[in-house]
Amino acid sequence: MATILVIDDEQGIRDLLGTLLRRKGYEVVLAESGRKGLELFRQARPDLIVLDLKMPEMDGLTVLRQIRTLDLRKPVVILTGAGTADAEEQVRALGVTEFIEKEFSLHRLGDALKRLLTHSGPAT
């Protein structure tokens with residue numbers, strides 16, 4: 001079973017994604033901040049990360065840069081309500097393959113997760 005780490009400061013988004021992803025059969029780890037997300041990334045060794053860009057204290061771009069120092073190839077999906085072309089360009093340069101606005105389609109998110117997990121395989 002694949003493990004997905006969700007890092008988002010909005011409790012409603014975390015709860016929604018946690019419920020939906022567990023129903024799809026994934027193990028889900030939730031973090032309410034960038035710092036907590038990095039701690040859980042090191043502990044849980046997730047197969048994929050869903051990351052918000054705009055968070056207080058430590059933004060998603062900073063979290064992504066730190067994740068990339070630990071693992072260059074781990075799939076990361078950016079899920080943001082504050083997306084700009086510049087932000088998308090910056091995260092894609094760091095290897096993000098999916099950039100989804102929070103006013104997203106759940107089907108699009110599900111398809112992206114399935115595709116990324118199929119290509120990367122579970123963590124070892």
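**Helices, sheet and cores in a predicted chain**

Start with helix H2 (34-44), whose buried residues are Gly34, Gly37, Leu38, Leu40 and Phe41; buried here is under 20% relative accessible area, exposed is over 50%, and partly exposed lies in between, with a 1.4 Å probe and protein chains only. These residues sit on the same side of H2 because they cover an arc of only 165° around the axis, the arc being taken over directions from the helix axis to the C-beta atoms. Their packing partners are E1, E2, E3 and H3, with contact meaning heavy atoms within 4.5 Å. After H2 comes Arg45, with a positive phi near 50°. Helices (H or I, at least four residues) and strands (E, at least two) are DSSP runs numbered from the N terminus.

The model is predicted, so to speak of local features pLDDT of at least 70 is needed, side-chain atom pairs count only at pLDDT 80 or more, and totals for chains, interfaces and linings use all residues. Residues are numbered from 1 along each chain as its sequence is written, and side-chain values use heavy atoms, with hydrogens and water left out. Mean pLDDT (the predictor's confidence in each residue, from 0 to 100) is 88 for the chain, and 93% of its residues reach 70 or more. Confidence bottoms out in helix H5 (residues 106-120), at a mean of 77, and peaks in strand E2 (residues 27-31), at 98.

On to the sheet: five strands form an open sheet in the order E2-E1-E3-E4-E5, with parallel pairing; two strands pair if DSSP finds at least two bridges between them. E2 and strand E5 (98-101) are at the edges with a single partner strand each, so one side of each has no neighbour in the sheet. From one strand to the next, the twist averages 20°. Four bridges join E4 and E5 in the parallel sense, and Leu79 stands opposite Ile100 in E5. H3 packs on the sheet, where it touches E1, E3 and E4, and its direction makes about 165° with that of E3. H4 also packs on the sheet, touching E4 and E5, at about 150° to the direction of E5. For these angles, axes are lines fitted to C-alpha atoms (for helices, over the stretch in contact), and values run from 0 to 180 degrees between N-to-C directions.

H3 has its own buried set: Gly60, Leu61, Val63, Leu64, Ile67 and Arg68. An arc of only 155° around the axis puts them on the same side of H3. E1, H2, E3, E4 and H4 are among the elements that cover them.

As for the nonpolar cores (buried Ala, Val, Leu, Ile, Met, Phe, Trp, Tyr and Cys residues joined through side-chain atoms within 4.5 Å), the largest has 22 residues, of which Leu5, Ile7, Ile49, Leu51, Val63, Ile78 and Val91 touch the most other members. Two or more residues each come from E1, E2, H2, E3, H3, E4 and H4, and H3 gives the most, with four. A second, separate core holds 18 residues, including Leu17, Tyr26, Ala112 and Leu113.

Ile49 touches Leu5, Ile7, Phe41, Ile67, Lys74, Pro75, Val76 and Val77, leaving aside residues up to four places away in sequence. Ile78, in strand E4, counts as buried at 0% relative accessibility. With the same sequence cut, Ile78 touches Leu51, Leu53, Val91, Val96, Glu98, Phe99 and Ile100.
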